[in-house]
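Student: I would like to learn how to read a protein model one feature at a time. Could we take the strands, the turns, the charges and the burial in turn?

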Amino acid sequence: MADPFATGMATLRASAASVAGRYLPPSGPAVEDIRIIHSQPSEVSDDGDLVMDKHSFVIFRSDVDMPEHNGVISIATGDFRINGDCLLDNEGLSWTCPTEPA
């Protein structure tokens, strides 16, 4: 029987929710032709007066084994630098990475 988490992730990777991209690590060759899910959650500042849009990316581990701090994610709308630690999901199938425009 197939792993339901891996099956779901493969479906998500192939869906319209993901976009074509490229990953450039701080050192080493670029990883071309990857699929990425881009989200822009809003965060309220500590004083509650400012809403800031963030950029977060889900990178499939089948494309990039371990994204690194300061790596660059390129999609059609621009380049984004990973500015924190990427978090691996519980099943070990995808990374969620915080970024900022590069």
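Student: Which residue in strand 5 does Ile36 stand opposite?

Tutor: Keep in mind that this is a predicted model. To read a strand pairing, pick one residue and look for its bridge partner on the neighbouring strand. Ile36 stands opposite Ile59 in strand 5. That contact belongs to the pairing of strand 2 and strand 5, which is antiparallel and has 4 bridges.

Student: Which residue of strand 1 has Ile36 as its bridge partner?

Tutor: That residue is Val19, whose bridge partner in strand 2 is Ile36. Strand 1 and strand 2 run antiparallel and are joined by 4 bridges. Ile36 is thus named in two bridges, one with Val19 and one with Ile59.

Student: What should I know about side chains when I follow a strand?

Tutor: In a regular strand, side chains point to one face of the sheet and then the other, in alternation.

Student: How many residues lie between strand 1 and strand 2 in their hairpin?

Tutor: To read a hairpin, count the residues between the two strands and then check the backbone angles in the turn. Here 6 residues lie between strand 1 and strand 2, and Gly28 in the turn has a positive phi of about 105°. A second case is the hairpin of strand 8 and strand 9, with 5 residues between the strands and a positive phi near 75° at Gly92.

Student: Which strands pair with strand 9, and in what sense?

Tutor: Go through the partners one by one. Strand 5 (residues 55–60) pairs with strand 9 (residues 94–101) in the antiparallel sense over 6 bridges; within this pairing, Val58 has Thr96 as its bridge partner. Strand 7 (residues 78–82) also runs antiparallel to strand 9, with 3 bridges, and Phe80 stands opposite Pro101. Strand 8 (residues 87–88) is joined to strand 9 by 2 bridges, again antiparallel, and Leu88 has Trp95 as its partner there.

Student: How many helices and strands are there overall, and in what order do they come?

Tutor: A list of elements gives the outline before any contacts are considered. The protein has 1 helix and 9 strands. From the N terminus on, the order is α-β-β-β-β-β-β-β-β-β. For the extent, the C-alpha trace spans about 50 × 30 × 25 Å along its principal axes.

Student: How many salt bridges does the structure hold, and which side chains form them?

Tutor: Look for a side-chain nitrogen of Lys or Arg within 4 Å of a carboxyl oxygen of Asp or Glu. The structure holds 2 salt bridges. In one of them, the side chains of Glu32 and Arg22 meet at 2.9 Å, N to O. This pair links distant parts of the chain, with Glu32 in strand 2 (residues 31–39) and Arg22 in strand 1 (residues 19–24), 10 residues apart. Asp65 and Arg61 meet in a salt bridge at 3.3 Å, N to O.

Student: Are the residues of these salt bridges exposed or partly exposed?

Tutor: Exposed means over 50% relative accessible area, and buried means under 20%, with partly exposed in between. Glu32 has a relative accessible area of 44%, so this residue is partly exposed. Arg22 is also partly exposed, because its value is 31%. Asp65 is exposed, because its value is 51%. Arg61 has 33% and is therefore partly exposed.

Student: Which residues form the negative surface patch?

Tutor: For a patch, look for like charges gathered on the surface. Glu43, Asp46, Asp47 and Asp49 form a negative one here. Asp49 lies in the loop between strand 3 (42–44) and strand 4 (51–53). With a relative accessibility of 67%, Asp49 counts as exposed.

Student: Why does Ser74 count as buried?

Tutor: Read the relative accessibility against the cut-off for burial, which is under 20%. Ser74 has 16%, so this residue counts as buried. Ser74 lies in strand 6 (residues 72–75). For the whole protein, 32% of the 102 residues count as buried.

Student: How far apart in space are Ser74 and Leu24?

Tutor: Set the separation in sequence beside the distance in space. Ser74 and Leu24 are 50 residues apart in sequence and 8.0 Å apart in space, C-alpha to C-alpha. Ala20 and Ala30 are 10 residues apart along the chain, with 14 Å between their C-alpha atoms. Ala20 is found in strand 1 and is partly exposed, because its relative accessible area is 49%.

Methods. Residues are numbered from 1 along each chain as its sequence is written. This is a predicted model: local features need pLDDT of at least 70, side-chain atom pairs count only at pLDDT 80 or more; totals for chains, interfaces and linings use all residues. Side-chain values use heavy atoms; hydrogens and water are left out. Patches are made of residues with over 30% relative accessible area and no salt bridge: like charges are joined within 9 Å, nonpolar side chains (Val, Leu, Ile, Met, Phe, Trp, Tyr) within 5 Å. Accessible areas come from the Shrake-Rupley method with a 1.4 Å probe; for residues, only the protein chains shown count as cover. Lys and Arg count as positive and Asp and Glu as negative; His and the chain ends are not counted. The place of a charge is taken as NZ of Lys, CZ of Arg, CG of Asp or CD of Glu. Buried means under 20% relative accessible area, exposed over 50%, partly exposed in between (1.4 Å probe, protein chains only). Two strands pair if DSSP finds at least two bridges between them.
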